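Student: I would like a close look at a single part of this structure, namely its open sheet. Please describe how the strands are arranged and what surrounds them.

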Amino acid sequence: RMCIPDGAQTTLLPGLLRRIRNSAPLVRFEALPLDKNTPRLLENGDADLAFGGFVPVMVSGFYEQTLFEQGYICLVSAQHPRIRERLTIEDFEREAHVAFGYGRSFEVIESEMKQRKVGRRVMVYLPGVLGVAKIVASTDMITTLPGQIGMMMGRSSGAIRVFPCPVPLPNVVVKQFWHARFHHDSGHQWLRNICADEARSGMKRLLEGLDEDIPGFRDAPIE
């Protein structure tokens, strides 16, 4: 059982479940919400892993493994009446935005906007990323989201264009977390390794043709 954000159902789960089915077809998998209950579920053994870039704060007794980092991008309708070749900071402040509660993503973006004194007119707020692409494609609203899910949405539809976010934002560090009690469990190690390999492989596939690389795994106890 894994606690994951809804976007990981698109970015991680297809490849992860393919690997699990190929090597252990009798294993049952359950996706759980990534929320304030996640640390308790990991500690009690009711969840094996937590995965994502906006995982609730963990305290001592847990391990974390850094998988990759990603920046933010913006999605715009290919038929947008005002945004054509590039997305400027003036466009960003003028246009209406779709925002969503992707873990702590909304809080991070809003905090950075305030610090940089950049206005963002949020006209629609959604509880997750599902539906964002179709809304952007069908309207003149734009959205800002982590690069991996954004690139996948953009590449899957000719009705959407992808632009670099004109506002400098801190990278999203994607990690997986587990409780120290299961650190040496062989079954748990197998799941962690599969998850880590698929997460990095998925990001590498997305970066093919780009001058990007992914740093190596780093795992450490949280103190």
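Tutor: The answer below takes the sheet first, then the helices that pack on it, and then the nonpolar cores.

This is a predicted model, in which local features need pLDDT of at least 70 and side-chain atom pairs count only at pLDDT 80 or more, whereas totals for chains, interfaces and linings use all residues. Residues are numbered from 1 along each chain as its sequence is written, and side-chain values use heavy atoms, with hydrogens and water left out.

Five strands form an open sheet in the order S7-S6-S8-S5-S9, with mixed pairing. Strands (E, at least two residues) and helices (H or I, at least four) are DSSP runs numbered from the N terminus, and two strands pair if DSSP finds at least two bridges between them. The edges are strand S7 (121–126) and strand S9 (160–164); each has a single partner strand, so one side of each is left without a neighbour in the sheet. On average, neighbouring strands of this sheet are turned by 35° against each other, direction ignored. Axes here are lines fitted to C-alpha atoms, for helices over the stretch in contact, and angles run from 0 to 180 degrees between N-to-C directions.

Strands of a sheet pair through backbone hydrogen bonds, either parallel or antiparallel. Strand S5 (residues 72–77) pairs with S9 in the antiparallel sense over five bridges, and Cys-74 stands opposite Phe-163 in S9. S5 and S8 also run antiparallel, joined by four bridges; here Ile-73 stands opposite Leu-145 in S8. S6 and S8, by contrast, run parallel and are joined by two bridges, with Thr-143 in S8 as the bridge partner of Val-98. S8 is mostly covered, as five of its five residues are buried, where buried means under 20% relative accessible area, exposed over 50% and partly exposed in between, with a 1.4 Å probe and protein chains only.

Two helices pack on this sheet. Helix H5 (residues 105–115) touches S5, strand S6 (96–100), S7 and strand S8 (142–146), and its direction makes about 95° with that of S5. Helix H7 (residues 147–155) touches S5, S8 and S9, with its direction at about 130° to that of S8. Contact means heavy atoms within 4.5 Å.

The surroundings continue into the nonpolar cores. A nonpolar core is a set of buried Ala, Val, Leu, Ile, Met, Phe, Trp, Tyr and Cys residues joined through side-chain atoms within 4.5 Å. In the largest one, of 37 residues, Met-2, Leu-12, Leu-16, Phe-51 and Phe-92 touch the most other members. Among the elements that give two or more residues to this core are S5 and H5, while the largest share, seven residues, comes from H8. Phe-92 has contacts that include Cys-74, His-97, Met-113, Ile-142 and Thr-144, not counting residues up to four places away in sequence. A second, separate core of 15 residues includes Phe-100, Leu-126, Met-141 and Ile-149.
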